[in-house]
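Here are some short exercises on helix packing and model confidence. Have a look at the structure first, then work through the solutions step by step.

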Amino acid sequence: MSVLVNVAMGQSAHTVDVRNAEPAELADDAAAGKTQVGPRGQPLSLLDRTEQQIVGGKLPESTLKTLRASLARQRAAAFDIIENGSVIVRSLQAELSALGPVPDDGSEEPVAIAEERLRLNDALAVARMPIIDARQTYERSGVLIHEIDRILRERGFTTLLQRLPTPLNPLNWLTGTNELSALTASSLSSFHDALSNRENPVPLSVLGGLVLAGLLLTYLVHPFVVRRASQFLERGRSGVLKSGTLLTIHVLRLVLPLVGGLIIASPLLIIGAEIASSTLMQLSVLIPIIIAFSFWIGHVAFSPNYPAAAIVRRRSELARRGLWVTHSLGWSIALIGAINLMQLTGVFSPTLESLLLSLAVVWASACFFGIAQIIGTNNSDAATPDELPTHERAVKAGAFGIRLIATAAVIACAIGYSEIAKHAVSSLALTLALLVILLAVHRLGTGIPARILKRDLSASEKGLTALIPVLLACLLAAAALPLLAMVWGVRQTDLGEWWMLILTGFDVGGIRLSLMSLIVLTGVFVTGVVVTHWVQIAVQTSVMPRTNADAGVRAAVVTFVGYLGIFLSALFAASAAGFNLSNLAIVAGALSVGIGFGLQAIVANFLSGIILLIERPIKEGDWVEVSGYSGLVQKISVRSTRLQTFDRHDVIIPNSDLIAGTVKNMTLGTRLGRVIVPVSVAYGTDTRRVKALLMEIAAAHPLVLTSPEPLVLFRALGESSLDFDMRFFINDVFDTLAVQSDMLFAITERFSEEDISIPFPQRDVHITLDEALQDKLRGGQA
């Protein structure tokens, strides 16, 4: 008995029933005796209870999120069981295949084999049961997760579309001002009472010292340290030292103001902890972080003190203005964050909340318009937008988008949709900050290789270095997409669902595609292509030179090796990725209809190229005439053949024309060629003498072959001449024009010496005049 059979038979006793896994709150209910039961008294599983709670009532958002997390863990556990169990199932199926098929001719197979087949079938059935249960749990959990996500998205949209009182109504301003005054007075009174009643308070001198220390660190130590580092940078440093110094300056600009701001706000944090005010503690941490971060983003983006490091390079006055506008935007975003925290406490009425959000949104929109104006002012001297560089046009398009979103936010806030306006300005600010960080990382990453490699690079190294910016940009874009999605409102759980879909895969025509399968497919295929290229080089440089094959055969063999290597690489890649080749054959058969109609010409040219490489009716270097063109074959590729005429023009001939059409190949079997030189002499010339002279001239030329011997033919009696043909053979047909020219020179000189005339066409013209014209001519002469 196989060990796998024992494992499969005993698996059901050790398999965890993932359907009964419970979340924390349901486990607490069970411990308290609140376990829910079904109609027959049996305890309900997590899936059943989730369905009842979703259908039965409107659960709080926190409960839905907790249920979703539990369902996600349950689905992951089911997926692990499916993956691990499928290995056992495949192993048992392999053992069954090793036994061979059951006899279908009525004969009985040996008893031992029959018993082993029965045991394996029983083990296979047992091994499949947990997988079937896990698949049911996996699918059912997925349905419930999608339903919870739908409910959460609907609630999010409902909250986003909630309409508050419009700030355009003056009565709302009066009401909001009164409410704010009353709320401020009440909060100050409560704060004073809390300070008076706190136990073991921190002395005011300590709190004042913390504020003073934070101010010194932010406005004295920070500028001094950054100024000294900038002076060190301006001394002409280069290479890695320059990049490291610049990175240090950026870190100092972020860390020192952040620490200083937290120290300045630390008294509020201490007081909030003493009076148990979580809102005050959160505000004392949130606001310094946002303000310090906006100050740092402004320096990274515009860098007025060191323009060479700026992401958006503008004139010095524009750069300084951009820094402070960005810093002001940070204050407005901090105000929005503070309003959000206070909103959670429920102390703001809808009217007051709308008024405060409208002030923050208008402030932020004004800052966005300032940023758009600064980045939209280009440094180029181009007269028209079409003459601007590509990146400048992209920046102008981005500036227009910023203005559009800011305008839409102000309009939404004016008509009462403050949540939409708040979401728009907050998301836009985070998007701009993320883009600045990504561009800074990209510039730093692309500059390191050029600074490290100080020597002259070879052609291959230059090509590899040129790919670094592209690869880094792709990696940063892949990392930025999920971040941008979350910034603009996509829930993290939705991104998790997409990622799980990529990991677990999806079916396309019976083929399951997943991230791992695609990685394996790409890796094996790329490796196969690289190995094929190396094999081609080895065949071309080491194997073929040792043979007597001509250049055409060598090129054909190398090309065939390349095609074979790519085909095998694709086959191995599909097998390594776990694709069923029979399913691939089905997909290929389904696509063949479309290929037969839409890609008929391409497939015909491809097959013609294969035939050209096998039959070799033409090869590279041949002199051919096809489709009205005459020239040398330069390269035979998959789809077409490149022909170079004697005028040095390249002509691309489809391979199907070379197979289905008529091709004249002057050098297919041999380069031996016949040359015909037509010669004409005047009437009355001794023809025997002409023949003897032409034979002497042909025999005197060093490229004319004696076997076959030259031949002079009296071809015709022309209108003005006696026409002869001098015919002879030469070893290389490519010398035809040169030999013809030499022969004409020699014939002209020799005929001139022998006083033999080379005629030209002559005509006798007779003019007949009528009697009236003759009378006029006579009158004119008189």
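Axes are lines fitted to C-alpha atoms, for helices over the stretch in contact, and angles run from 0 to 180 degrees between N-to-C directions. Helices (H or I, at least four residues) and strands (E, at least two) are DSSP runs, numbered from the N terminus. This is a predicted model, where local features need pLDDT of at least 70, side-chain atom pairs count only at pLDDT 80 or more, and totals for chains, interfaces and linings use all residues. Residues are numbered from 1 along each chain as its sequence is written, and side-chain values use heavy atoms, with hydrogens and water left out.

**Exercise 1.** Classify the packing of H10 and H11.

Start with the axes: those of H10 (residues 278–302) and H11 (residues 316–345) come within 8 Å and cross at roughly 160°. H10 is therefore roughly antiparallel to H11 (angles under 35 degrees count as roughly parallel, over 145 as roughly antiparallel, 65 to 115 as roughly perpendicular and the rest as oblique).

**Exercise 2.** Do the analogous job for H22 and H23.

The axes of H22 (residues 687–700) and H23 (residues 736–753) come within 10 Å and cross at roughly 135°, so H22 is oblique to H23. Next, list the contact (heavy atoms within 4.5 Å): H22 brings residues including Val690 and Leu693, while Met743 and Phe751 are among those from H23.

**Exercise 3.** Find where confidence is lowest and highest.

Use pLDDT, the predictor's confidence in each residue, from 0 to 100. Helix H2 (residues 11–14) is lowest, at a mean of 38, and strand E10 (residues 722–730) highest, at 92. The protein averages 79.
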